[in-house]
Amino acid sequence: MIQMLLNSMFSAFPGIWTEPKKDDVSAPIPEAQEKSECAPVGKVKQNPLTDDIKRLEEAFSCGQPLESGQEINVTLQELLRIVPRNRPRKDAYKHLQRVLKDEMGVILTIKNRKDGKKKD
């Protein structure tokens, strides 16, 4: 009853816009929600490791692209300076190692300081 009364009140004032019902397809679109005339811009999926790979190229290939079959042996401390991570552990670089190996054929070997020392 109240809804009918409200509808009749607002129909007397054609300039007032009311919220469309969810299933009402013919409801007008407010100006802020009008569709853009431009075609939607598709997002280009970029490898999130692109910057890391560029830093490795600068450090180990003098700015040249890394070559397939290339092996990079680096300590964790050196790698943290070149390609910083929030978690200073080898496992923080597993995704980078996998991408380098699978997509570029480059092997990234990370050594700890302890790896080179002998126990006495």
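What pattern does the chain follow, read along the sequence? The answer is α-α-β-α-α-β-α. Keep that in mind as you click through.

**Before you start**

This is a predicted model, in which local features need pLDDT of at least 70 and side-chain atom pairs count only at pLDDT 80 or more, while totals for chains, interfaces and linings use all residues. Residues are numbered from 1 along each chain as its sequence is written, and side-chain values use heavy atoms, with hydrogens and water left out.

**Stop 1: the whole chain**

Show everything as a cartoon. You should find five helices and two strands; these are DSSP runs numbered from the N terminus, with helices being H or I of at least four residues and strands E of at least two.

Now switch on the surface. The accessible surface comes to about 10,600 Å², and carbon and sulfur atoms hold 53% of that. (The areas come from the Shrake-Rupley method with a 1.4 Å probe, and for residues only the protein chains shown count as cover.) Of the 120 residues, 18% count as buried. Buried here is under 20% relative accessible area, exposed is over 50%, and partly exposed is in between, using a 1.4 Å probe and protein chains only.

One more global number: take the contacts between residues at least 6 apart in sequence, and 56% of them join residues at least 24 apart. A contact means heavy atoms within 4.5 Å.

**Stop 2: helix α2**

Select residues 50–60, which make up helix α2. Colour Asp52, Ile53, Leu56 and Glu57: these are buried. They cover an arc of only 140 degrees around the axis, which puts them on the same side of α2. (That arc is taken over the directions from the helix axis to the C-beta atoms.) The spacing fits a general rule: an α-helix has 3.6 residues a turn, so residues three or four places apart point the same way.

What covers the buried residues of α2? The cover includes α3 (76–82) and α4.

**Stop 3: two residues on α2**

Start with aspartate 52. Is this residue buried or exposed? Aspartate 52 is buried, at a relative accessible area of 8%. Setting aside residues up to four places away in sequence, aspartate 52 touches Val83, Arg85 and Leu96.

Step along to isoleucine 53, also in α2. Isoleucine 53 has 10% relative accessibility, so it counts as buried. With the same sequence neighbours left out, isoleucine 53 touches Asn47, Leu66, Leu96, Val99, Leu100 and Met104. Try a distance label too: the C-alpha atoms of isoleucine 53 and proline 65 are 8.9 Å apart, with their positions 12 residues apart along the chain.

**Stop 4: where α2 meets α4**

Add residues 94–104, helix α4, and look at the crossing. The two helices pack at an angle of about 80 degrees, with their axes 11 Å apart. Axes are lines fitted to C-alpha atoms, for helices over the stretch in contact, and angles run from 0 to 180 degrees between N-to-C directions. α2 and α4 are therefore roughly perpendicular, a label that covers 65 to 115 degrees; under 35 is roughly parallel, over 145 roughly antiparallel and the rest oblique.

Asp52, Ile53, Leu56 and Glu57 make the contact from α2, and Leu96, Val99, Leu100 and Met104 make it from α4. By class, that is six nonpolar, no polar and two charged residues. (Nonpolar takes in Ala, Val, Leu, Ile, Met, Phe, Trp, Tyr, Cys and Pro; charged is Asp, Glu, Lys and Arg; the others, Gly among them, are polar.)

**Stop 5: around α4**

Stay on α4 and pick Leu96, Val99 and Leu100, which are buried. Their arc is only 100 degrees around the axis, which puts them on the same side of α4. Their cover includes α2 and β2 (107–111). Now flip the view: the face turned away from the buried side carries the exposed residues Lys101 and Asp102.

Zoom in on valine 99, which is buried at a relative accessible area of 8%. Beyond its neighbours within four places in sequence, valine 99 is in contact with Asn47, Leu49, Ile53 and Met104. From valine 99 to isoleucine 53, 46 residues apart along the chain, the C-alpha separation is 9.6 Å.

**Stop 6: two backbone oddities**

Just after α4, select glycine 105, with a positive phi of about 75 degrees. Then go to cysteine 62, in the loop between α2 and β1 (71–75). Cysteine 62 has a positive phi near 55 degrees, in a residue other than glycine. For background, most residues other than glycine have a negative phi. At 74% relative accessibility, cysteine 62 counts as exposed.
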